[in-house]
Amino acid sequence: MAEETTGHHSSPPLPPHPPLYCFGVPWPDLNEGLLYTDVFRSTDNATTLIGFYSSKYKNSAPLQGWLQRIRNRQITVDGVVVADPCFALRDGAEVVYHRLPWKEPFAPYLLEVLYEDNDMVAINKPSGLQVLPGGLFQQRTVLMQLQWKEWNKVSSDCSKRQMTQESHPVPVHRLGRGTSGKLELSKARRISKVYRALVAGVIERDEFVIKQPIGTMHYPGVAKGLHVASSSGKPALSKVQVLERDAQRNQAVVQVEIHSGRPHQIRIHLAFAGHPLIGDPLYDIGGQPKAFESESSCDCAADDGGYQKPVQAVPGDCGYYLHAYQLFLSHLVTNKRIEITASLPPILQTQEDRDQENLQR
């Protein structure tokens, strides 16, 4: 549901925060692999090693893939390698799948710090870098760069409170891999986030609100289901303001303020309203996937035993233009209002932004 609002309440854009500094370590060629540990219970339906994995983790790999992993000596039972798929498991046995190291797809690694104090850090995340581990990206993430960095406290205060803090910040907001912009790394209160996006079509309305619920549907390559516009989904609300129209290219730059945090909410909502993000390989008009087949076209195992990469687009695919532009929050400790603005990619700048930028030079 999209509702038109009256009036024009835009405020002058805040100047972007110049980065305090940049950090990042180049990615190793191969990651360290992963260990997946389970404790077998006799209440499970299966009693053999292959039966356990092929039933409990059928979304991870087809039957042939799990056979390949077992015969490749990647499974241990109580610390001993077991290469027999028909090995009988006893109640309480610890079974571990050793996922071999692999070369993750390309991802940028440099991060800009826009704000930092003893309690929070705000960084400018580049498009193409995943925030948390998932799928093919287990090491090439924002989280790993945060873990690798040696954090220096801004203040010399060495209170017990600081000594008991975590050794590195932990991401609170999860931007999509293809979404660039400001990422906050502490728990704060009363947070408001504003995004910029490039969408298809010349929108007639200046401002409107989208209240379309967002749910999930079965989709190949997305084990927990793909988030889409769904009447039976969870409530979601986005406020959209048109900043600039380009009739020649049939596109517009919009500002979106979200009042709920559903996965891929902006991509889904704008597509639902008839204006999908330019370059979005997944979501089409109506907030549904562009192509959908009920089953994967290939159930054969890839080199690592898992499923072949789906031919259809998945949520982590990039190509669209979406940028977390502004953040307004109340500081967790001081309650001070903080405003942080991340610099805009040129393609999401309006003529007004460019004029202001020229004046500041």
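Is Arg196 buried or exposed? Arg196 is buried, with a relative accessible area of 2%. Buried means under 20% relative accessible area, exposed over 50%, and partly exposed in between, with a 1.4 Å probe and protein chains only.

The model is predicted: local features need pLDDT of at least 70, side-chain atom pairs count only at pLDDT 80 or more, and totals for chains, interfaces and linings use all residues. Residues are numbered from 1 along each chain as its sequence is written, and side-chain values use heavy atoms, with hydrogens and water left out.

**Exercise 1. Place the salt bridge of Arg196 in the chain.**

Step 1. Apply the rule: a side-chain nitrogen of Lys or Arg lies within 4 Å of a carboxyl oxygen of Asp or Glu. Arg196 meets Asp353 at 2.9 Å, N to O.

Step 2. Locate both ends. Asp353 sits in helix H6 (residues 351–360) and Arg196 in strand S10 (residues 189–200), 157 residues apart. Helices (H or I, at least four residues) and strands (E, at least two) are DSSP runs, numbered from the N terminus.

Step 3. Check the burial of the partner. Asp353 is buried, at 10% relative accessibility.

**Exercise 2. Describe the salt bridge between Glu244 and Arg354.**

Step 1. Take the distance. The closest N and O atoms are 4.0 Å apart.

Step 2. Locate the pair. Glu244 belongs to strand S14 (residues 238–246) and Arg354 to H6, 110 residues apart.

Step 3. Read the accessibility. Glu244 is partly exposed at 26%. Arg354 is also partly exposed, at 28%. By the salt-bridge rule, the count comes to nine.

**Exercise 3. Find what the bridge between Asp38 and Lys56 ties together.**

Step 1. Start with the contact. The two side chains meet at 3.2 Å, N to O.

Step 2. Assign the elements. Asp38 lies in strand S3 (residues 34–39) and Lys56 in helix H1 (residues 49–56), so the bridge joins parts 18 residues apart in sequence.

Step 3. Compare burial. Asp38 is buried at 8%. Lys56 is partly exposed at 46%.

**Exercise 4. Build the sheet around Asp38 and set H1 on it.**

Step 1. Order the strands. The open sheet has four strands, S3-S6-S4-S5, with antiparallel pairing. Two strands pair if DSSP finds at least two bridges between them.

Step 2. Find the edges. S3 and strand S5 (80–81) each have a single partner strand, so one side of each lacks a neighbour in the sheet.

Step 3. Zoom in on S3. Six bridges join S3 to S6. Asp38 stands opposite Val95 in S6.

Step 4. Add the helix. H1 packs on the sheet, touching S3, S4 and S6, and its direction makes about 65° with that of S6. Axes are lines fitted to C-alpha atoms, for helices over the stretch in contact, and angles run from 0 to 180 degrees between N-to-C directions.

Step 5. List the buried residues of H1: Leu49, Ile50, Gly51, Phe52 and Tyr53. They pack against S3, helix H2 (63–71), strand S4 (75–77) and strand S6 (94–99).

**Exercise 5. Outline the largest nonpolar core.**

Step 1. Define the set: buried Ala, Val, Leu, Ile, Met, Phe, Trp, Tyr and Cys residues joined through side-chain atoms within 4.5 Å.

Step 2. Size the core. The largest has 19 residues, and Val199, Val254 and Leu270 have the most contacts inside it.

Step 3. Trace the contributors. Elements giving two or more residues include S10, S14 and helix H5 (265–272). The largest share, four residues, comes from S15.

Step 4. Inspect Val199. Beyond its neighbours within four places in sequence, its contacts (heavy atoms within 4.5 Å) include Val254, Leu270 and Ile278.
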